[in-house]
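Student: I am new to this structure and would like a close look at a single part of it. Could you take me through that part slowly, and then show me what else deserves attention?

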Amino acid sequence: MRADLDTVLIAVYCAACSLFPADPRPRRGRPQTITDNELLCLMVAQMLLGQPSDRRFLAIARWRLGHLFPKLPSQSRYNERCRSLAPKLVTLWRAIAGELPGFHDAICLVDTTPLPCGQSVQTANRSELAPWCGVGYSAAHSRFYWGMKLVLVCGPDGCVRDFDLVPANAPERETTLNLLARQPIAGQLVICDKGFAGHEFEQAVRELGGLVVRPSRTDEPDRAQPPIRFIRQRIESIVNSFKDQLRLEHHLAKTPDGLWTRIAARVLALCAAIHLNWQIGIPRRALTLYGH
């Protein structure tokens, strides 16, 4: 078994077929040139190839993936059907991620990352995303931005245990607590950065059965400094994988449904690649093997 794009797409297709068996009854209406399970694989391929534009991706897919998908839909049909598959994307991601060792590890990594959705006042006023977005501050870039935040709860091997999209100005600790409340974190260490400092947050995690471990702030000279820098680098590398290869901030979404679908596709692509890497015994977060 090799770590390449064809192999990971075949693995995703087999997993999708086991979860969503084909309906033997003939469909009425417009004939389908490609099945839903094949479309799920195409979305994974689009994200691993780093092609946020549907038009450009379909042009590339005709020569790069033609041996796997001889019939491709038009751009408008592809976009329409992909948005309708968001529930299946989430189900497939949970099934794949749930098999990874990091999903059940005693260490839980949490973080948030900016998700810009527009660069102009006209976009913020006219976009269908406007009711869902807000103005937030990106400390990494030292600038304000308009859009949303991606909240991540990950395992140490890079698998995404849970995620959510919230307005850019949403309180970081409250949104993270909502995700942690959906997780069985009893007895786990919740690793986070200084932005999650606060007695109320730590107490809320303790009530869920977890223990917050984070770096000390400069105004906490008497607080013990835990040696977690090497673990914190793991969540940073996960975020970098989303931003660099999966092109998180170049999602090109214009509607809430489209944004959710495109982010869910990226999460599925990441977990599928990590799953294959785990099976063949190579570094879990080596995604560059699938980007060509």
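Tutor: In this predicted model, the buried residues of helix 5 are Ala 86, Leu 89, Val 90, Leu 92, Trp 93, Ile 96 and Ala 97. Seen down the axis of helix 5, these buried residues fall within an arc of 165°, so they line one face of the helix. The spacing along the chain fits a general rule: an α-helix has 3.6 residues a turn, so residues three or four places apart point the same way. As for length, helix 5 covers residues 86–97, and at 1.5 Å a residue its 12 residues should span 16 Å, which agrees with the 16 Å between its end C-alpha atoms. The cover over the buried residues of helix 5 includes helix 1 (5–19), helix 2 (36–48), helix 4 (75–84), strand 4 (160–167) and helix 10 (256–280).

Helix 10 also leads to another place to look, for the loop between helix 9 and helix 10 holds Arg 247 and Leu 252. Most residues other than glycine have a negative phi, yet Arg 247 has a positive phi of about 50°, and Leu 252 has a positive phi near 65°. Arg 247 counts as partly exposed because its relative accessibility is 29%, and Leu 252, at 46%, likewise counts as partly exposed.

Helix 9, on the other side of that loop, gives the most to the lining of the largest pocket, with six residues. That pocket has a volume of about 700 Å³ and is lined by 27 residues, with Asp 111, Thr 112, Ala 139, Asp 193 and Arg 232 nearest its centre.

Methods
Residues are numbered from 1 along each chain as its sequence is written. This is a predicted model: local features need pLDDT of at least 70, side-chain atom pairs count only at pLDDT 80 or more; totals for chains, interfaces and linings use all residues. Side-chain values use heavy atoms; hydrogens and water are left out. Helices (H or I, at least four residues) and strands (E, at least two) are DSSP runs, numbered from the N terminus. The expected span of a helix is 1.5 Å times one less than its number of residues. Buried means under 20% relative accessible area, exposed over 50%, partly exposed in between (1.4 Å probe, protein chains only). The arc is that of the directions from the helix axis to the C-beta atoms. Contact means heavy atoms within 4.5 Å. On a 1 Å grid over the protein atoms alone, a cavity is a set of points where a 1.4 Å probe fits but cannot get out, and a pocket is an open set with protein on both sides within 12 Å along at least five of seven lines; lining residues have an atom within 4 Å of a point. Grid points are joined across faces, edges and corners, and a volume is the space filled by probe spheres set on the points.
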